[in-house]
Structures are given as C-alpha cells and as structure tokens.
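Student: I have this model open. Please give me a close look at its sheets. Then tell me what is packed around them.

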Amino acid sequence: MTLTAPSPAWNPQRPGPMPHHRYRPFQDRVTVPVGERSWPAALIERAPLWVPVDLRDGNQALAEPMDTPRKRRFLDLLVATGFKEIEVGYPSASRTDFDFVRHLATGDVLPDDVTPVVFTPARRDLIERTFDAIAGLPRAVVHLYIATSPVWRRTVLGRDRAEVRATVREAAGHMARLAQDAPGIRFQFSPETFNLTEPDYVLELCDELTELWDASPDRPVTHNLPATVEIATPNVYADQIEYMHRHLARRDSVILSVHPHNDRGTGVACAELAVLAGAERVEGCLFGNGERTGNVDLVTLALNLYAQGVDPMLDFRDIDAVREVVEHCNRLPVHARHPYVGDLVHTAFSGTHQDAISKGLAEHARAAAESGVPAGLAPWSVPYLPVDPADLGRSYEAVIRVNSQSGKGGVAYLLRTHHGLDLPPAMRPDFSRVVQDATDDSGREMTAKELYDLFLATYVVEGPAARTAGSVPEVLNAHAEQGRSVEVLELTVDGPAAYARCRVDGVTVWGAAEGPDAEVRAVRSAVNRAVRR
Ligand SMILES: CC(=O)SCCNC(=O)CCNC(=O)[C@H](O)C(C)(C)COP(=O)(O)OP(=O)(O)OC[C@H]1O[C@@H](n2cnc3c(N)ncnc32)[C@H](O)[C@@H]1OP(=O)(O)O
Ligand SMILES: CC(C)C(=O)C(=O)O
C-alpha cells in the first residue's frame with residue numbers, strides 16, 4: 001500500500017508542527033537488494049538456534065553492569081531454560097567480564113552441550129585479551145565485530161571500504177592463528193549496522209571470512225547480520241536477509257544469524273521475517289533488555305512459535321520465576337503489558353472480554369472432559385487468550401478482574417470461582433449494576449472478596465424475623481396478613497445458596513441467602529430489601 005499526499009477528503013488530519021523533513025527514508029540511506037523473494041510465502045516450522053546475548057549486549061546497556069554473582073545467576077537460568085549457545089561477555093571490555101569468562105574456563109560451570117560465545121572488536125590487543133580469557137575452555141565461539149555502513153565508516157572509524165576490509169581481514173587472520181591449536185574454537189563475524197550497509201560490500205566481507213576461516217559443514221562460521229539500529233519496516237530487513245541467504249558462498253558452511261534491535265518497536269517482526277527469509281540463528285535478550293529500546297525479546301519469539309504449535313525447545317513453564325531472575329540480574333522491571341509475562345497480559349477487566357473468556361474456559365473444560373484428555377493437554381482455543389496461562393505457570397485466578405469496565409459475566413465468574421456462588425442468569429445483570437455503581441464511585445478495581453462482601457450486603461438482608469425457621473408459604477401468609485402483596489417469581493437453590501426473585505407490592509426485587517433455611521431466608525431478604533427501599 002502506498003499512502004500519497006494530500007489526504008483524502010474523509011481524513012481531516014492536517015500537516016503537523018514537527019520537522020519531519022530532517023529525516024530521510026531508508027531507501028535514500030541504503031540500497032535494498034531487489035531480487036527473488038520467497039519469505040512472504042514461507043512458514044516457520046521449527047525453532048531457530050536461540051542465542052541469548054544478555055550477558056554481553058544486555059549487560060552493556062545496564063546502568064550497573066552485572067557482577068559475577070548476577071552474571072552467574074543469569075547464566076544458570078539460561079542453561080536451565082535450554083539455551084545451547086550463550087554469549088557470555090566482552091572479555092576485553094572490563095575486568096569483571098574477563099574474570100567471568102575465566103570463572104567459566106576454570107570451573108565446571110557449563111554443560112558439555114552448551115557453547116559460550118565471547119565478543120571482540122577488530123583490534124589486535126583486544127583479540128589477544130579475548131583469547132587469554134577463553135584459554136582452557138573446551139569449546140567457544142569467538143565473535144568479531146566491526147561497523148560496516150557508510151556513516152559509521154566515515155564518522156566513527158574514519159576508514160573507507162577498503163580500509164575497513166583490511167582491518168577485518170587482519171583481525172580475522174590473527175584470530176585464526178591464535179586458534180590454530182584449538183579445534184573447539186569456532187568463529188563468528190558481525191558486520192555491525194548491516195542493515196545500513198551496501199549489500200555487495202557485506203557479501204564481500206562475509207565471503208572473505210568464510211574462506212579465510214576455512215569454514216566447513218563440520219566447523220561452520222556464523223555470519224550474524226544485525227539490525228543494529230532499526231531503520232525500516234520489517235519486510236525490508238527480510239529482503240536484506242534473503243539476499244544474503246541466497247548469495248553467501250559455501251552456504252552449507254555458514255550459519256546465517258540475525259540480531260535485531262527494537263528502535264522502531266518491530267524487533268520481533270524483524271526476527272520472524274528474517275527466519276522466514278533464511279536465518280537459522282537469532283540473537284536477542286530475555287524480555288528485550290539491551291541498548292536503547294533493547295534487543296529483540298527471545299521469550300516473545302519463542303512463545304510466538306509455541307502459540308503456533310511449534311516446539312520452541314525452551315522451557316518457560318514457570319515464566320514468573322524466569323522473570324524474577326532477569327529482573328534481579330538486570331535491576332530493571334518487566335512491563336505489566338509485556339507479551340506473555342507482564343502482570344496484566346492474561347487479565348481481562350472489560351466486560352465482553354470477560355464474558356468470552358469465561359465461556360471459553362467452561363467450553364474448554366467441557367470438551368476436555370468429554371474427550372477424556374486432561375485439560376492441560378487438550379487443544380486450546382479460548383477467546384482472547386493466545387496461550388493457556390497455566391502452560392506458563394500462571395493460575396486462572398488473575399485472568400478475570402473487575403472494575404467499572406466489567407460486566408455481568410466477569411462478576412458472575414469471580415463469585416463462582418472464588419466463592420462458589422453461581423448466580424442465576426436473570427440475577428447477574430441486577431448485581432452487575434450494583435457493582436458498576438460501586439466501582440464508578442470508587443474508581444477502583446474490586447477484589448473477589450470485596451465482590452462477595454458487596455453481594456452479601458446487597459442481597460442478604462435479614463430482619464429479626466428471618467432467624468425464625470419457617471417455610472416460604474408461611475412467609476408469604478405472614479406478609480399477606482400485614483396487607484403486603486408478595487409473589488415469588490423465581491426461587492433457585494444451588495448447594496447451600498438460594499436466590500429469590502420476588503414481586504413485593506408491584507416491585508421486583510432479588511434476595512439471597514446461604515446456609516440453613518437458605519430458601520426461606522432468601523425470600524425474606526427480598527421482602528426486607530423491598531420494604532427498606
Ligand atoms: C553494537 C554493539 O553493541 S558494539 C559493542 C559495544 N560495547 C561496548 O562498547 C562495551 C565494551 N567496550 C569497551 O570496554 C571499550 O569501548 C573498548 C575496551 C572496547 C575500547 O575502549 P577504548 O580503547 O577506550 O575506546 P572507546 O571506548 O573510546 O571506543 C572508540 C574506539 O573504538 C573504535 N572501534 C569501534 N568499533 C570497533 C571495532 N569493532 N573494531 C575496532 N575498533 C573499533 C573506534 O573507532 C574508536 O577508535 P578511535 O579511538 O581510534 O577513534
Ligand atoms: C555487533 C552486533 C552483534 C551488535 O551488538 C549490534 O549490531 O547491535
């Protein structure tokens with residue numbers, strides 16, 4: 001779709017006051033390869049290799065970088081969650097990072113199937129320091145980076161294309177020499193700002209390193225293509241990745257990796273489209289920590305797959321425990337609306353959503369019981385809940401919460417699930433109006449306990465006579481003798497509770513009671529309510 005100026009007559013928006021002309025569209029900043037494009041029709045049918053970079057990219061974005069205990073706690077979490085390749089630090093950056101990698105090299109910390117990645121710039125002294133850090137590790141990936149796009153070459157590095165290429169070649173050659181007696185070491189290259197770099201130039205750099213590092217299917221090289229700062233809609237990144245996927249030399253000896261950031265808020269979409277376009281490995285951080293707006297969120301990516309029926313090969317059965325560790329280590333909170341994990345993401349306050357969810361949960365339980373499959377394994381299709389909160393260790397208790405936006409369905413659900421009161425359908429709108437008045441007045445949420453108390457205060461209105469046992473006809477007779485017309489329109493008894501809808505002197509009123517003689521007391525309550533009005 002192309003939106004052109006001026007706006008059509010039905011759109012009353014007018015030119016705004018902000019100096020948008022200062023910024024250039026992506027197509028003026030980078031050549032986007034046009035060629036065959038198969039990603040729009042592709043499907044993601046298995047999980048890519050997830051590589052968390054929390055201990056490096058995430059860490060470098062923290063006001064207080066992690067110390068060894070925090071790094072270790074984070075690492076243990078990543079291992080327990082099922083990650084098999086983990087970027088553990090930037091050993092030449094700080095003593096803390098160096099010491100942490102030494103801690104891994106000298107202790108029995110990493111399982112045999114987990115490979116650590118260490119990050120280094122293209123500088124001889126820093127590469128050597130990096131190799132000092134990993135000495136003794138049975139396996140590691142040494143990850144070399146340098147910025148490659150025109151603005152960075154000119155402004156940051158002060159080197160032209162050929163000079164950057166020479167720097168990369170020299171650094172990569174030095175790495176190869178340092179690793180020549182260490183068969184467990186593999187290499188990774190990141191052309192930082194890939195998404196702003198000329199496609200032919202990145203290809204040239206990557207292919208040269210594939211050759212220089214003598215990559216093979218048994219010892220592949222990783223080419224990691226970052227959207228260091230997002231510049232365009234995700235389809236553009238997908239085109240850039242598919243171009244590389246189609247043109248990289250020795251493709252079977254290259255692991256094509258992506259590393260999206262989230263400047264435009266589209267990191268997740270970029271990663272997903274990049275996987276459709278041929279990426280096999282995705283770098284990111286848990287819950288999206290990282291420079292500026294963060295790295296792509298690996299938890300969201302993994303659970304997006306899960307919600308499509310694809311095994312993410314990671315374990316988020318207790319997502320709150322994962323969040324607790326990440327918040328502790330990063331010293332940053334996770335937003336209440338964060339996909340899958342935020343405090344409010346499985347919660348509905350609004351009436352029609354609550355109604356749909358409570359019907360959906362009831363239908364799910366019914367279908368599971370009928371098929372004989374445990375509810376936790378039965379197919380899931382509950383409206384408004386993309387995944388079963390229980391799969392992530394969340395209880396249903398927080399799913400429906402009541403405030404002034406809620407309706408009868410949500411109120412009835414809370415009374416039923418928390419207090420065993422299953423209000424007759426005809427009574428629900430009546431109590432919902434009472435709740436609406438109370439929440440409008442307070443402006444607050446109402447807990448299940450407060451709802452229950454309000455229910456009792458509203459419908460269980462027992463005068464002194466209510467304590468005397470009797471029968472419903474006796475109650476009606478007693479009132480008739482006092483000249484009051486009382487008719488019982490509906491009387492529902494459900495377990496220990498009873499609900500009575502009565503017409504008292506022409507006015508229809510509900511009453512309720514719980515416990516002994518609930519039936520009689522519910523009728524008395526209705527009459528007492530009518531009399532007190
Ligand atoms: C996109 C990313 O996430 S990249 C990773 C960013 N992470 C970090 O920077 C955290 C760790 N960094 C550090 O501890 C330090 O920056 C160090 C140790 C790497 C370098 O420190 P210093 O030597 O003090 O340099 P400084 O921090 O000022 O960095 C700027 C220098 O690095 C150069 N540089 C930037 N990237 C690279 C690279 N990939 N390879 C080689 N040099 C580079 C710049 O051109 C600049 O050089 P100049 O001083 O000649 O102009
Ligand atoms: C250098 C790469 C991996 C990176 O961190 C980035 O571009 O954001």
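Tutor: The sheets come first, then the ligands and the domains.

This is a predicted model, in which local features need pLDDT of at least 70 and side-chain atom pairs count only at pLDDT 80 or more, while totals for chains, interfaces and linings use all residues. Residues are numbered from 1 along each chain as its sequence is written, and chains are lettered from A and ligands numbered from 1 in the order in which they are written.

Start with the sheet of eight strands. Its order is β1-β8-β7-β6-β5-β4-β3-β2. The sheet is open, and its pairing is parallel. Strands here are DSSP runs of E with at least two residues, helices are runs of H or I with at least four, and both are numbered from the N terminus. Two strands pair if DSSP finds at least two bridges between them. β1 (49-52) and β2 (85-89) stand at the edges. Each has a single partner strand, so one side of each is left without a neighbour in the sheet. On average, neighbouring strands of this sheet are turned by 30° against each other, direction ignored.

Look at the β2 edge. Four bridges join β2 to β3 (residues 115-121), and the two strands run parallel. Glutamate 87 stands opposite valine 117 in β3. Helix α4 (residues 124-134) lies across β3 and β4. α4 runs at about 160° to β3. Such angles run from 0 to 180 degrees between N-to-C directions; axes are lines fitted to C-alpha atoms, for helices over the stretch in contact.

Which strands supply at least two residues each of the shell around ligand 2? They are β5 (185-192) and β6 (221-227). The full shell is Asp57, Tyr145, Ser190, Glu192, Asn224, Pro226, Thr228, His259 and His261. A residue counts as near a molecule or strand if its C-beta atom, placed from the backbone, lies within 6 Å of it. By class, the shell around ligand 2 has two nonpolar, five polar and two charged residues. Nonpolar means Ala, Val, Leu, Ile, Met, Phe, Trp, Tyr, Cys and Pro; charged means Asp, Glu, Lys and Arg; the others, Gly among them, are polar.

Ligand 1 has 15 residues around it. Gln60, Ala93, Pro121, Ala122 and Ile146 come nearest. α1 (54-60), β4 (140-147) and α5 (150-157) each give at least two residues to this shell. β4 gives the largest share, three residues. The shell around ligand 1 divides into nine nonpolar, three polar and three charged residues.

Now the other sheet. Three strands form it, in the order β9-β10-β11. This open sheet pairs antiparallel. β9 and β11 (507-514) are the edge strands, each with a single partner, so one side of each has no neighbour in the sheet. The twist averages 15° from one strand to the next.

β9 (residues 486-494) and β10 (residues 497-504) are joined by eight bridges. Valine 486 faces valine 504 in β10. Glutamate 487 has arginine 503 as its bridge partner in β10. The two strands form a hairpin with two residues between them. Glycine 495, in that turn, has a positive phi of about 60°.

β10 and β11 also pair over eight bridges in the antiparallel sense. Tyrosine 499 stands opposite alanine 512 in β11. This hairpin, too, has two residues between the strands, and aspartate 505 takes a positive phi near 50°. Helix α17 (residues 518-532) lies across β9, β10 and β11, at about 140° to β11.

Step back to the domains. An automatic or database domain assignment sets the bounds. The protein chain is divided into domain 1 (48-301), domain 2 (400-458) and domain 3 (460-532). The C-alpha centres of domain 2 and domain 3 lie 22 Å apart. Nine residues from domain 2 and nine residues from domain 3 make the contact. Contact means that two C-beta atoms, placed from the backbone, lie within 7 Å. The side of domain 2 that touches domain 3 has six nonpolar, one polar and two charged residues.

Last, a helix pair. α13 (residues 408-419) and α14 (residues 428-442) pack at about 95°, with their axes 9 Å apart. That makes α13 roughly perpendicular to α14. The label covers 65 to 115 degrees; under 35 is roughly parallel, over 145 roughly antiparallel and the rest oblique. Lys408, Val411 and Ala412 in α13 meet Arg428, Pro429, Phe431, Ser432 and Val435 in α14. This contact has five nonpolar, one polar and two charged residues.
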